[in-house]
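User: Please take a close look at a single part of this structure, starting from its aromatic rings, and then place that part in its wider surroundings. I am new to this structure, so please explain the terms as they come up.

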Amino acid sequence: MADTPATAFLEQNGVAYTAHEYEYLEHGGTGVSARALGVAEHEVVKTLVMQDEAGAPLLVLMHGDRKVSTKNLARQAGVKKIEPCRPEAAQRHSGYQIGGTSPFGTRKRLPVYLERSILELPKIYINGGRRGFLVGIAPGEIVRTLDPQLVKVALEA
């Protein structure tokens, strides 16, 4: 399995991880990866590239079976508005292809907002830097390596 910027970042930061490949399905979302790995979709964490009203990019880490309340996120981030980036902008900011976006090893360091309840899980599965590839890690490693702002912005999907 080829290294990705994400796995290189994890190794440089001493993060223990397990590698999990699955058959990527365009627009399949976290449901596909959760079924392939035999884990609850709640344990699969999606990395969303969003932007504020000034176009400044940021990452949001959310449970696979939840949506982000952009209104609550904007309030907690202290900005007027937050919305998803267009795919080409997301790829430009993160350095990753849509469907393969990892919060680790991004092209430039982006502010990270982490749904607080993710930290209650013993292990999470998050994109490892390419489509069809997740890494299993302890959620506390996100706090240690990315220094995210903890938020409570999950909505039932």
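Analyst: Rings of Phe, Tyr and Trp (for Trp, its six-membered ring) are taken to pair if their centres lie within 6.5 Å, and a pair counts as stacked with planes under 30 degrees apart, as edge-to-face over 60, and as tilted for the rest. By this rule the structure holds one aromatic pair. Its members are phenylalanine 9 and phenylalanine 104, which are stacked, with 5.7 Å from centre to centre and 25° between the planes. The pair links distant parts of the chain, since phenylalanine 9 belongs to helix H1 (residues 5–12) while phenylalanine 104 sits in the loop between helix H4 (87–94) and strand S6 (112–115), 95 residues apart. Helices (H or I, at least four residues) and strands (E, at least two) are DSSP runs, numbered from the N terminus.

Before going further, it should be said that this is a predicted model, in which local features need pLDDT of at least 70 and side-chain atom pairs count only at pLDDT 80 or more, while totals for chains, interfaces and linings use all residues. Residues are numbered from 1 along each chain as its sequence is written, and side-chain values use heavy atoms, with hydrogens and water left out.

Both members of the pair, phenylalanine 9 and phenylalanine 104, are buried, a word that stands for under 20% relative accessible area, whereas exposed stands for over 50% and partly exposed for values in between (1.4 Å probe, protein chains only).

From phenylalanine 104 the picture can be extended to isoleucine 142, which lies in helix H5 and is buried because its relative accessible area is 0%. Leaving aside neighbours within four places in sequence, isoleucine 142 is in contact (heavy atoms within 4.5 Å) with Phe104 itself and with Leu61, Leu114, Ile124, Ile126, Ile137, Asp147 and Pro148. Isoleucine 142 and leucine 10 are 132 residues apart in sequence, yet their C-alpha atoms are 10.0 Å apart in space.

Two of the names in that list, Leu61 and Ile126, also lead to threonine 47. Threonine 47 has its place in strand S2 and counts as buried because its relative accessibility is 11%. Not counting residues up to four places away in sequence, threonine 47 touches Leu59, Val60, Leu61, Thr101, Ser102, Pro103 and Ile126.

Strand S2 also holds valine 44, which counts as buried because its relative accessibility is 1%. Beyond its neighbours within four places in sequence, valine 44 has contacts that include Thr30, Ser33 and Ala34, as well as Met62, His63, Tyr125 and Leu134. Between the C-alpha atoms of valine 44 and aspartate 65 there are 8.1 Å, although 21 residues separate them in sequence.

Thr30, Ser33 and Ala34 bring us to helix H2 (residues 29–37), whose buried residues are Thr30, Gly31, Val32, Ser33 and Ala34. The cover over these buried residues of H2 includes strand S2 (44–52) and strand S8 (133–137). Just after H2, glycine 38 takes a positive phi of about 70°.

Two further positions deserve a note on their backbone. Histidine 27, in the loop between strand S1 (18–21) and H2, has a positive phi of about 60° although it is not a glycine, and histidine 27 counts as exposed because its relative accessibility is 77%. Aspartate 147, one of the contacts of isoleucine 142, is found in the loop between helix H5 (140–146) and strand S9 (149–151). The phi of aspartate 147 is near 50°, a positive value in a residue other than glycine, and at 62% relative accessibility aspartate 147 counts as exposed. As a general background, most residues other than glycine have a negative phi.

Returning to helix H4, which precedes the loop of phenylalanine 104, alanine 89 has its place there and counts as buried at 11% relative accessibility. Here the C-alpha atoms of alanine 89 and arginine 75 are separated by 23 Å, with these positions 14 residues apart along the chain.

Finally, the whole protein has five helices and ten strands, and buried residues make up 46% of its 157 residues. Of the contacts with a separation of 6 or more, 64% are between residues 24 or more positions apart. The C-alpha atoms fill a box of roughly 40 × 30 × 30 Å along the principal axes.
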